[in-house]
Amino acid sequence: MHEALNSPSEYSALVGATIYVSPTEDPIRDGVVLIRGEKIVAVGNRAQMQFPETAHILDCFGLTIAAGLWNSHVHFFERKWANVADIPASELTRQLQDALTRFGFTSVFDTGSLWENTRQLRDRIESGEVPGPKIRSTGPGLFPPGALPSDQVLSLMGLMKFPAPEIADAAQAADAAKRLLDQGVDGIKLFASSPRSAPLPESAFQAAADEAHRAGKPVFVHPNTAADVLTAVRGGVDIIAHTTPHSGPWDDTLLATMKDHRIALTPTLTLWKYYMRHDRLSAQEKITNTEVTQLRAWAAAGGTVLFGTDLGAVEYDPSEEYSLMAEAGMNFRQILASLTTAPAERFGEADKLGRIAAGLQADLVVLNQDPSRNIRALTSVQYTLRAGKIIYRAIK
Ligand SMILES: [Zn+2]
């Protein structure tokens with residue numbers, strides 16, 4: 001089950017890998033990461049590192065190590081997670097591997113699910129019963145009237161049915177946000193518009209954001225159009241949960257406003273491509289091209305990108321998302337930042353997570369290939385470690 005590399009007082013050493021300690025520093029070749037208990041004690045070149053003879057050695061020659069990865073847009077709303085307290089530990093472990101840990105994810109932000117259920121899933125992971133990532137969650141989103149898909153659609157999509165607050169104005173937004181925050185959620189998520197009602201006004205975003213920010217929590221928005229993005233940004237949201245390829249390219253005013261407000265974006269490029277899969281090829285290409293262009297403009301403007309796939313609504317393998325981000329002009333270091341330092345900073349964990357350095361938590365991904373040469377190598381995971389424990393190991 002949980003494979004402790006070491007007891008709290010013992011050392012273990014991951015030896016021989018190329019180590020990307022952060023997205024901005026040169027990698028260490030033939031390196032060593034020394035771990036004690038949950039933490040990194042030291043990292044450096046093997047020739048210059050001394051470590052206790054009693055340390056457990058994990059042979060990492062020929063492998064590549066980076067900090068544990070974040071997926072900042074997931075949902076634990078598929079039927080497989082329902083009544084999570086009743087799922088046997090072995091099955092739950094396999095489900096978490098299948099969706100997350102086999103791809104190196106050690107931290108995730110769930111932006112829409114049944115809060116009580118997701119909290120129980122988190123509890124089972126944090127108690128040590130099942131190996132899995134650190135979960136943060138907004139609980140259910142706040143929806144303008146008519147935006148929630150019908151039960152029939154939810155069922156076809158394989159999703160759980162769960163209540164989500166409907167809001168139309170500032171007072172309702174503040175009220176619903178406060179109620180969720182009182183229940184302990186880690187952030188607030190709002191849907192900006194609905195085919196069956198007026199879009200949420202800026203004041204509604206502002207009211208929800210005021211409540212969340214007072215509690216020190218971030219606010220996410222699901223926009224459908226560029227106009228939704230602008231309203232939400234002006235209303236004080238922190239994270240744009242999607243690009244909006246159905247509304248055309250993002251213009252300079254929008255990009256500048258996002259930049260001024262220090263917004264972060266989870267591009268979810270695979271999602272829109274996936275939803276278009278039944279359409280004409282030319283229509284698919286148009287959407288993909290537009291979303292890639294939106295991300296390219298945002299990244300070129302120096303905007304913050306948080307890797308995020310909308311996992312649960314799309315397939316689990318993130319290879320294509322990595323490829324599409326590269327197509328948008330993001331280089332390996334920028335993509336690595338979106339998976340590590342950027343979310344750690346945005347979610348207030350930079351002193352603990354996101355880099356490989358002495359004193360930080362030992363959340364690590366060990367890869368079979370170097371992703372600086374081929375970005376899809378980010379999915380060729382040999383080991384995933386969280387807090388010094390191996391939570392996933394590929395069978396060779
Ligand atoms: Zn989503």
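Donors are taken here as N, O and S atoms within 2.8 Å of the metal. In this predicted model, the donors of the zinc ion follow the spacing H-x1-H-x234-D along the chain. His 75 is placed in the loop between β7 (69-74) and α1 (89-99), and Asp 310 in the loop between β14 (304-305) and α10 (319-327), so the pair ties together parts that are 235 residues apart in sequence. The coordinating atoms are NE2 of His 73, NE2 of His 75 and OD of Asp 310, at 2.0 to 2.3 Å from the ion. Both His 75 and Asp 310 are buried. Because water is not among the atoms, the site may look incomplete.

The chain as a whole contains 12 helices and 17 strands. For 396 residues, a compact globule would have a radius of gyration near 21 Å, and the chain agrees with this, at 21 Å. Along the principal axes, the C-alpha atoms fill a box of roughly 65 × 45 × 40 Å. Of the 396 residues, 58% are buried. When contacts between residues at least 6 apart in sequence are considered, 71% of them join residues at least 24 apart.

Strand β7, which precedes the loop holding His 75, runs parallel to β8 and is joined to β8 by 4 bridges. Within this pairing, Trp 70 has Ser 107 of β8 as its bridge partner. In β8, 6 of the 6 residues are buried, so this strand is largely enclosed by the rest of the structure.

Both β7 and β8 (105-110) are also among the elements against which the buried residues of α10 pack. The other elements in that set are α8 (269-275), α9 (281-300), β14 and α11 (332-339). The residues of α10 that are buried are Ser 319, Glu 321, Tyr 322, Leu 324 and Met 325. After α10 comes Gly 329, with a positive phi near 95°.

Strand β14 belongs to an open sheet of 5 strands, in the order β10-β11-β12-β13-β14 and with parallel pairing. The edges are occupied by β10 and β14, each of which has a single partner strand, so one side of each is left without a neighbour in the sheet. Inside the sheet, β12 (residues 239-240) and β13 (residues 264-265) pair in the parallel sense over 2 bridges. Ile 239 has Ala 264 of β13 as its bridge partner.

Helix α5 lies across β10 and β11 of this sheet, at about 170° to β10. The helix comprises 13 residues (202-214) and reaches 18 Å from its first C-alpha to its last, close to the 18 Å expected at 1.5 Å a residue. Its buried residues are Ala 204, Phe 205, Ala 207, Ala 208, Ala 209, Glu 211 and Ala 212. These buried residues pack against the strands β10 (188-191) and β11 (219-222), and also against the helices α4 (170-182) and α6 (226-234). Just after α5, Gly 216 adopts a positive phi of about 75°.

Note on methods. Residues numbered from 1 in each chain as written. Predicted model: local features only at pLDDT ≥ 70, side-chain atom pairs only at ≥ 80, totals over all residues. Heavy atoms only, no water. Expected span 1.5 Å × (residues − 1). Buried < 20%, exposed > 50% of the residue type's maximum accessible area, 1.4 Å probe, protein only. Contact = heavy atoms within 4.5 Å. Donors = N, O, S within 2.8 Å, 3.2 Å for Na, K, Ca; no water. Pairing = 2+ DSSP bridges. Axes fitted to C-alpha atoms, helices over the stretch in contact; angles between N-to-C directions. Rg over C-alpha atoms; globule rule 2.2 N^0.38 Å.
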